[in-house]
Amino acid sequence: MGWKRFEVEIESPVSASRLFKAAVVDSHNLVPKLVPQIITGIKMIRDETTGRLFKRTEFSEFVPFRYTLDRVDVMDEKSCSFNYWLVEGGRLGKMYDAGDFELRVTPKSDGGCVLKLNGAYHAYEDVKVTDDDMNVGKLGLTAMYSAVEAYLVANPDAYASP
């Protein structure tokens with residue numbers, strides 16, 4: 001099947017730095033509180049041998065898999081960029097043998113931002129990945145980022161720079 005790509009783009013009235021801090025940097029604290037029906041926990045794990053950072057996300061019974069483990073390649077607050085590889089869990093080993101993701105949060109002139117996630121899964125040759133398969137992940141990501149945005153709009157001092 002090869003690589004199957006998708007894109008999620010969300011415009012937000014929230015500043016890029018606030019959205020990035022809340023949705024990425026502090027996701028392990030904030031996101032499970034906002035969407036417990038989807039995500040029950042997130043742990044940031046540093047490999048003591050290699051120094052690599054991993055992000056383990058635990059999902060509720062409403063998601064078709066229990067967890068994902070992502071290797072974090074870039075988490076840069078200054079450029080609001082986050083790149084990671086799916087290394088375990090999810091549909092890895094069932095439908096896909098790799099997953100690669102790049103998130104960018106770009107400021108807009110009106111003070112808001114655009115969050116853009118480019119993702120790609122490498123499907124096994126004998127697996128046909130449908131648009132519905134891809135939409136499951138896109139809908140979950142959109143729900144999560146929308147919940148973070150709503151929280152930040154309701155709490156204008158949260159994640160504001162000092």
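**Figure 1. Strand labels and the domain in this predicted model.** Strands such as E6 are DSSP runs of at least two residues in the E state, numbered from the N terminus. With that label in hand, Leu86 can be placed: it stands opposite Gly99 in E6. Keep in mind throughout that you're looking at a predicted model. An unreviewed UniProt entry lists residues 2-154 under "domain: Bet v I/Major latex protein". Within that span, 27% is helix and 44% is strand, and the C-alpha atoms at its two ends lie 42 Å apart.

**Figure 2. The whole sheet, strand by strand.** Here's the open sheet: 7 strands with antiparallel pairing, in the order E1-E7-E6-E5-E4-E3-E2. E1 and strand E2 (39-46) sit at the edges with a single partner strand each, so one side of each has no neighbour in the sheet. Ignoring direction, neighbouring strands are turned by 20 degrees against each other on average. As a bit of background, the strands of a sheet pair through backbone hydrogen bonds, in either a parallel or an antiparallel way.

**Figure 3. Strand E4 and its partners E3 and E5.** Which residues of E3 and E5 does Val72 in E4 meet? On the E3 side, Leu53 stands opposite Val72, and in E5 the bridge partner of Val72 is Tyr84. Strand E3 (residues 53-59) pairs with E4 in the antiparallel sense over 6 bridges. Strand E4 (residues 67-76) also runs antiparallel to strand E5 (residues 81-89), and 8 bridges join these two.

**Figure 4. The turn between E4 and E5, with Cys80.** E4 and E5 form a hairpin with 4 residues between them. Take a look at Cys80, which has its place in the loop between the two strands. Its phi is near 50 degrees, a positive value in a residue other than glycine. Is Cys80 buried or exposed? With a relative accessible area of 5%, Cys80 counts as buried, because the cut-off for that word is under 20%.

**Figure 5. The next hairpin along, E5 to E6.** E5 shows up again here, now paired with strand E6 (residues 96-107) in the antiparallel sense over 6 bridges. The two strands make a hairpin with 6 residues between them. Gly90 in this turn has a positive phi of about 60 degrees. If you want a landmark along the pair, find Leu86 and look across to Gly99 in E6.

**Figure 6. The largest pocket.** How much space lies in the largest pocket? About 650 Å³. There are 29 lining residues, and those closest to the centre of the pocket are Phe59, Phe65, Tyr121, Gly137 and Leu141. E2, E3, E4, E5, E6 and H3 are the elements that give two or more residues to the lining. H3 provides the largest share, with 8 residues. Sorted by class, the lining has 20 nonpolar, 5 polar and 4 charged residues.

**Figure 7. The cavity.** Rolling a probe the size of a water molecule over the atoms shows where empty space is left. A search of the whole structure turns up 1 cavity of 30 Å³ or more. The largest cavity has a volume of about 40 Å³. Its lining is made up of Ile10, Ser12, Leu19, Leu115, Tyr145, Ser146 and Glu149. Strand E1 (2-12) and helix H3 (131-154) are the elements that give two or more residues to it. H3 gives the most, with 3 residues. By class, the cavity lining comes to 4 nonpolar, 2 polar and 1 charged.

**Figure 8. His122 in strand E7.** His122 lies in strand E7 (residues 113-123). Its relative accessible area is 22%, so His122 is partly exposed. Now pick out Ile39, which is 83 residues away from His122 along the chain. The C-alpha atoms of His122 and Ile39 are separated by 24 Å.

**Figure 9. Tyr159, past the helix.** Where does Tyr159 sit? It's in the segment after H3. Tyr159 isn't a glycine, but it has a positive phi of about 65 degrees. Its relative accessible area of 23% makes Tyr159 partly exposed.

Key
Residues are numbered from 1 along each chain as its sequence is written. This is a predicted model: local features need pLDDT of at least 70, side-chain atom pairs count only at pLDDT 80 or more; totals for chains, interfaces and linings use all residues. Side-chain values use heavy atoms; hydrogens and water are left out. Two strands pair if DSSP finds at least two bridges between them. UniProt positions are given in the numbering used here, feature names are shortened, and annotations may be inferred rather than shown by experiment. On a 1 Å grid over the protein atoms alone, a cavity is a set of points where a 1.4 Å probe fits but cannot get out, and a pocket is an open set with protein on both sides within 12 Å along at least five of seven lines; lining residues have an atom within 4 Å of a point. Grid points are joined across faces, edges and corners, and a volume is the space filled by probe spheres set on the points. Ala, Val, Leu, Ile, Met, Phe, Trp, Tyr, Cys and Pro count as nonpolar, Asp, Glu, Lys and Arg as charged, and the others, Gly among them, as polar. Buried means under 20% relative accessible area, exposed over 50%, partly exposed in between (1.4 Å probe, protein chains only). Axes are lines fitted to C-alpha atoms, for helices over the stretch in contact, and angles run from 0 to 180 degrees between N-to-C directions.
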